[in-house]
Amino acid sequence: MNIAHNNTIKNSALDELLKSQPALWRGRDQYNDYAAVPTGYAQLDKVLPSGGWGIGCLTELLLEQHGIGEISLLLPALSQVTSENQWAAFVNPPYLPYAPALANSGINLERLLIINTDNDQDTLWATEQLLRAGIFASVVAWVNRTTAQKQRRLQLAAELGKTWATVYRPANAQDQSSPAALRIVIGATPTHMTLNIIKSRGGKQHSVYIKPTQFDRPQGVEWPAMPPETDTGQAASSIAPVAPVAPVAPVAPVAPVAHSSLKR
Amino acid sequence: MLWACLYFPQLPIDRQRATQTDHTPTAVIHQHGSRKQIMACNHIATELGIHCGLTLNSAYAIAPNLQINEYIEDEQKVHLRQLALWALRYSSWVTPRMPASILLEVKASLKLFGGLDSLLAQLHEDAAAQGLSIIVGVAPTSTAASLFAYAGIDEPARSIKAMQTMLNDVPVEYLTLDEFTQRGLRQSGIRVLQQLIDIPPAALTRRFGHQCTDIIYKINGTLPDPCPAFIAPDTFSQALDLPLEAPDTNALMFPLNRLLNALGGYLKAGDHGVKSLDIILYHHRCKPTVVALRFLSATADHTHLLKVAKERLSNTTLTEPVTRVKIKATELADIERDGKDLFQKSQAQPTSIQHVFDNLMARLGKDALYTALPDDDHRPEKAWLAAMLETKQPPSEWPARPLWLLPKPRPATEALQLATHPERIENGWWGNDDVRRDYCIAHNEKGSYYWVFRLRQQPGTLYIHGIFA
């Protein structure tokens, strides 16, 4: 962390020096003034060239597995967008977007359109239509198979409609080339989520780590407590075949109670 | 008053053309005395030298592969009626006149369209989009306007004075007079209108009867030429027979465009929008196919209608070739207009949200789009409902819930580590879907978090019901 911090200080000093030379042209500058929606995660905002999810850019999120906080990553930005009464859309979500959880995270559900499609072709078509329309502030799509050519259409449509476009793809697509402005591989270790920025127009390759505690705020609820080791009793140990590992979620012990008292 | 006469010289043939890429000479014939004569022909036949008034035998001598269709007066009436509906978008006073012209009173429309020139330009453009050949004659009297149109004079006569000078050179053969009078005029050496006007009216009446004098008075406006206004019916249902069977839906776009054009004019005239529309495709043997278009809000925009219809039809598979297309507006409604800011700077208006929804629904189906709302129920499956653009206050805050819910819980296949105390959800004992479950958050070795439950009846199995994405 310290080294990274020093690096940024050095970089900004270097930036100042380079900016004082009017004869110098730097390719990276041309992408710096894109408008962006802040991601809500400070360490991610810092490394993205426009300081957030780029508006008019296609972002590709390459997913290794489900259930690691991949949607929570977008929640702060989505709730910001929808609470300003702008439209957002989910195209072809892999499971049912669960309204109570979305409501918890502060998303204005009336402004979140969910579209189910039968195949990737329809998904790409619908995504392009939404991006082109220029009414949607954010469009998130889940695509299994696509090509660089089709992704290019989406990138152009996002530019045309000035929309923040996000596409989730399986992680094995990271070897294929793609015209997306930002490509991030999302993985997980037992203690945090890892974001590997493998392509960033106007930026650099980076790795960002997000701890699960940081998801508390976007999800709108505190992560419930781990049962203390002694308290497991017949509940946990009899089912879970693996040995208990160190608690991952923040520990704030709560007595075992019925669901209603879990509300904050 | 200022009248515009829209004359469609090729109407029977224009209406029969199924595709733009037609390579056979085609003509429409009608019985003239004892002979069959060419009435209209397409451009390929014209290039070969076939023209109106040619007898059928001579035409066959020029082009043995000539395709002919009989002129059917009733069909022409239907075509003209559709065009009259279409023309209602330009003027509220529309008079269709058999066989092939429509009169419009345009003086009242000039302000709306920004002058006569832009109105005429719009007219020509729209007619060209439908593949219609059109001649527009404009004059202060309806008879003169028709005369100009029949004579092929496109130059509009804006005042009585301009009209009178322009009339002088019009050949008399374009006047709507009977055969006998026409022959009399020819034999007297009267070729152009100027000569006819110069004859004293009393002498003219004595020689050719009052028919000739009347028409001159009508041209000048001295004698009224009544034009009863065409009144659009209360419901819209129009059909078009296809000259050739359409094997796929692509071939339907051309006739459909025409019908939708008529619908557009009809809606404009009544200040309506259409909310639901049926496209009925008739087949030779099977039952007709009905393609229903539904719109979120009433629309009168012809291009939008066409776009949605196109999207919907491209997803429709035909069991048999189509012989006849009909459109029927099943639900009309007033258009909701949002007030425009007078001082708003003109900028590219983004497509409206309704247009996007209609477009998506046309291809993906009506149920593919929804917004999710939380509902008042503790059972996870019933704690949300799919709604479309409905407003409902979220009931309350929920404890930790997964962002993804599996449509059906599935038994866990891998080793899971429970991370929380169980949360008991017990509800619905009075009905069929009694839920008695203990929910926990669990994760696997790789760090994926799931929402799992055990049934109270059989605590041995762990089911995954949600994913903390």
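**Exercise 1.** Asn92(A) is to be classed as buried or exposed, and its backbone and its place in the chain are to be described.

*Solution.* Asn92(A) has 23 other C-beta atoms within 10 Å and is therefore buried (20 or more such atoms within 10 Å of its own count as buried, 12 or fewer as exposed, and anything in between as partly exposed, with C-beta atoms placed from the backbone). The model is a predicted one, in which local features need pLDDT of at least 70, side-chain atom pairs count only at pLDDT 80 or more, and totals for chains, interfaces and linings use all residues. Residues are numbered from 1 along each chain as its sequence is written, while chains are lettered from A and ligands numbered from 1 in the order in which they are written. Asn92(A) lies in the loop between β4 (87-91) and β5 (96-97) of chain A (strands are DSSP runs of E with at least two residues, helices runs of H or I with at least four, numbered from the N terminus). Its phi is near 55 degrees, a positive value in a residue other than glycine.

**Exercise 2.** Determine where Lys162(A) is placed in chain A.

*Solution.* Lys162(A) belongs to the loop between α6 (148-161) and β8 (164-170) of chain A. Although Lys162(A) is not a glycine, its phi is positive, at about 50 degrees. With 15 C-beta neighbours inside 10 Å, Lys162(A) counts as partly exposed.
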